[in-house]
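Grab your viewer and work through a few exercises. Each one sets a task and then walks through a solution.

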Amino acid sequence: PRSNRFRKQIYSEGNNMLVEVLMPKHGLNMSEGHITEIFKQVGDSVREGENLFAFETSKATVEVAAKASGLITKILTDVGEDVPVNDTVLIIDTEATAAAPATAPAAGETAAAPATAAEGGGYQPATPWVKKIARENNVALNTVTGTGNQGRITAEDVLAAAAAPAPAAAASKPAPAPAAPAFTFAPGSDLAEVPMNRIKRLTGEAMAASFRDVPHIYFSARANLEKLYAYRDQLLAETGVKYTFSDFFLVACARALERFPLANATFREGKIYAQQNVNIGVATATVNGLTVPVVHEAQRYTLAELARRRQEVVKKALEGKSAVEELEGGTFTITNLGMFGIDSFDPIINPPQAAILALGSIEDTAVVVDKAIKICPLLHLRLAGDHRVLDGADCAQFLAYSKTLRECGQPLV
């Protein structure tokens with residue numbers, strides 16, 4: 001960890017009042033933050049509430065706003081540095097004012113051209129995820145008008161700009177260069193290192209530790225969703241709302257976890273802890289890697305409320321805008337790869353949780369119903385349990401009850 005000479009958050013230096021902006025602590029396990037962006041420079045003026053820098057934890061990218069207005073006098077870190085919690089990132093002088101703008105060039109002189117977006121173009125009010133989308137769509141952020149909070153550029157703004165017809169190019173301008181290849185191989189080498197961001201690296205380390213240290217036991221089942229299909233159609237006709245199967249599965253898990261609280265327990269330092277609330281994590285693939293936003297207190301919600309809350313936390317995770325508290329405190333996780341045609345897969349438990357449920361594809365399958373062959377939509381389920389917390393019978397009963405809830409449909413509301 002780097003040394004830090006500035007320990008007080010507000011102090012005086014001469015006649016000026018200085019405010020330190022510290023690396024905040026987000027979550028019980030956070031010890032440092034990885035600086036991904038610094039939006040200001042020394043000498044820039046800043047308003048209270050304006051974003052100053054962004055940092056990355058093992059779970060999310062977080063932006064830090066100014067608590068006071070003034071002039072930035074010191075920046076004590078660089079992009080790419082790991083800053084310990086409560087260390088100073090920058091200092092604001094609340095009584096200083098920005099220097100007057102430079103005078104216009106004298107006659108005969110040429111003013112320096114502004115930097116292009118490709119050269120940096122100064123601070124662009126957008127998250128790293130939005131900037132990545134802009135690069136992938138060849139959109140210059142300095143040409144986009146932000147519609148988000150404080151004029152921030154959103155993903156929707158970038159995609160709208162990408163879809164807009166481009167102005168006719170002058171005949172003298174060459175065609176744009178093709179996109180760079182995904183990987184760059186050195187001459188004579190058939191290997192290229194693939195960069196790993198912090199989230200992907202730490203997720204990999206956590207999953208490797210879980211697979212090594214947690215005694216996983218696995219159970220499989222198939223649920224007949226014929227009645228659930230019919231009930232979903234009924235709700236659509238009555239309410240005009242088309243719920244996804246993920247919404248129904250979330251409700252089923254919440255009800256099953258209330259019935260079998262050991263599946264909702266956590267294992268910490270050799271002890272099992274029961275949890276008062278059912279906090280279900282929804283595994284979500286994002287551009288930065290695997291993220292698991294959490295629907296807290298899922299047992300309290302109706303189907304409509306759970307559907308709305310799931311959509312909110314997943315949307316924020318995909319946009320890289322999750323609050324840290326929305327990524328913490330999970331007691332159980334659902335992961336779904338059925339949309340890719342995967343029948344079944346073995347999930348890895350997310351410690352300190354005791355279980356995780358994997359949802360596979362839904363396939364029309366010939367089954368025997370009342371001694372007759374019938375084609376029914378079957379969902380593949382795969383449960384992993386921590387054998388230190390759950391015995392085989394515990395897992396089997398939980399999965400069987402969860403399967404029954406998925407099959408019956410209507411009582412899920």
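The exercises below go from the whole chain to helix packing, strand pairing and one loop residue. Keep in mind that this is a predicted model.

**Exercise 1. Take stock of the chain: how many helices and strands are there, and what share of the residues counts as buried?**

Start with the element count: the chain has seven helices and 19 strands. Next, look at burial: 40% of the 413 residues count as buried. Finally, check the contacts with a separation of 6 or more: 62% of them come from residues 24 or more positions apart.

**Exercise 2. Work out how α4 and α5 are oriented to each other, and which residues meet.**

First find the two helices: α4 covers residues 226-239 and α5 covers residues 245-259. Their axes come within 11 Å and cross at roughly 110°. Angles of 65 to 115 degrees count as roughly perpendicular, so α4 and α5 are roughly perpendicular to each other. As for handedness, α4 passes α5 in a right-handed crossing. Now list the contacts: L228, Y229, Y231, R232 and L235 in α4 meet F245, F248 and F249 in α5. Sorted by type, the contact has seven nonpolar residues, one charged and no polar.

**Exercise 3. Do the same for α5 and α6: what is the angle, and which residues meet?**

Helix α6 spans residues 303-318. It packs against α5 at an angle of about 115°, with the axes 9 Å apart. That makes α5 roughly perpendicular to α6. This crossing, with α5 passing α6, is right-handed. On the α5 side you'll find S246, D247, F248, L250 and V251, and they meet L303, L306, A307, R310 and Q311 in α6. Here the tally is six nonpolar, two polar and two charged.

Notice F248: it turns up in the contact with α4 and in the contact with α6.

**Exercise 4. Trace the pairing of β3: which residues stand opposite G33 and I35?**

Begin with β8 (residues 82-84), which runs antiparallel to β3 (residues 32-38) and is joined to it by three bridges. In this pairing, G33 stands opposite V83. Then move to β5 (residues 51-56), which pairs with β3 in the antiparallel sense over four bridges. There, I35 stands opposite F55.

**Exercise 5. Place Q276: where does it lie, and is it buried or exposed?**

Locate it first: Q276 sits in the loop between β12 (271-273) and β13 (280-282). Its relative accessibility is 75%, so Q276 counts as exposed. As a last step, compare it with A265: the two are eleven residues apart in sequence, and their C-alpha atoms are 9.2 Å apart in space.

Definitions and conventions:
Residues are numbered from 1 along each chain as its sequence is written. This is a predicted model: local features need pLDDT of at least 70, side-chain atom pairs count only at pLDDT 80 or more; totals for chains, interfaces and linings use all residues. Side-chain values use heavy atoms; hydrogens and water are left out. Axes are lines fitted to C-alpha atoms, for helices over the stretch in contact, and angles run from 0 to 180 degrees between N-to-C directions. Angles under 35 degrees count as roughly parallel, over 145 as roughly antiparallel, 65 to 115 as roughly perpendicular and the rest as oblique. A crossing is left-handed if the near helix is turned anticlockwise from the far one by less than a right angle, and right-handed if clockwise. Contact means heavy atoms within 4.5 Å. Ala, Val, Leu, Ile, Met, Phe, Trp, Tyr, Cys and Pro count as nonpolar, Asp, Glu, Lys and Arg as charged, and the others, Gly among them, as polar. Two strands pair if DSSP finds at least two bridges between them. Buried means under 20% relative accessible area, exposed over 50%, partly exposed in between (1.4 Å probe, protein chains only).
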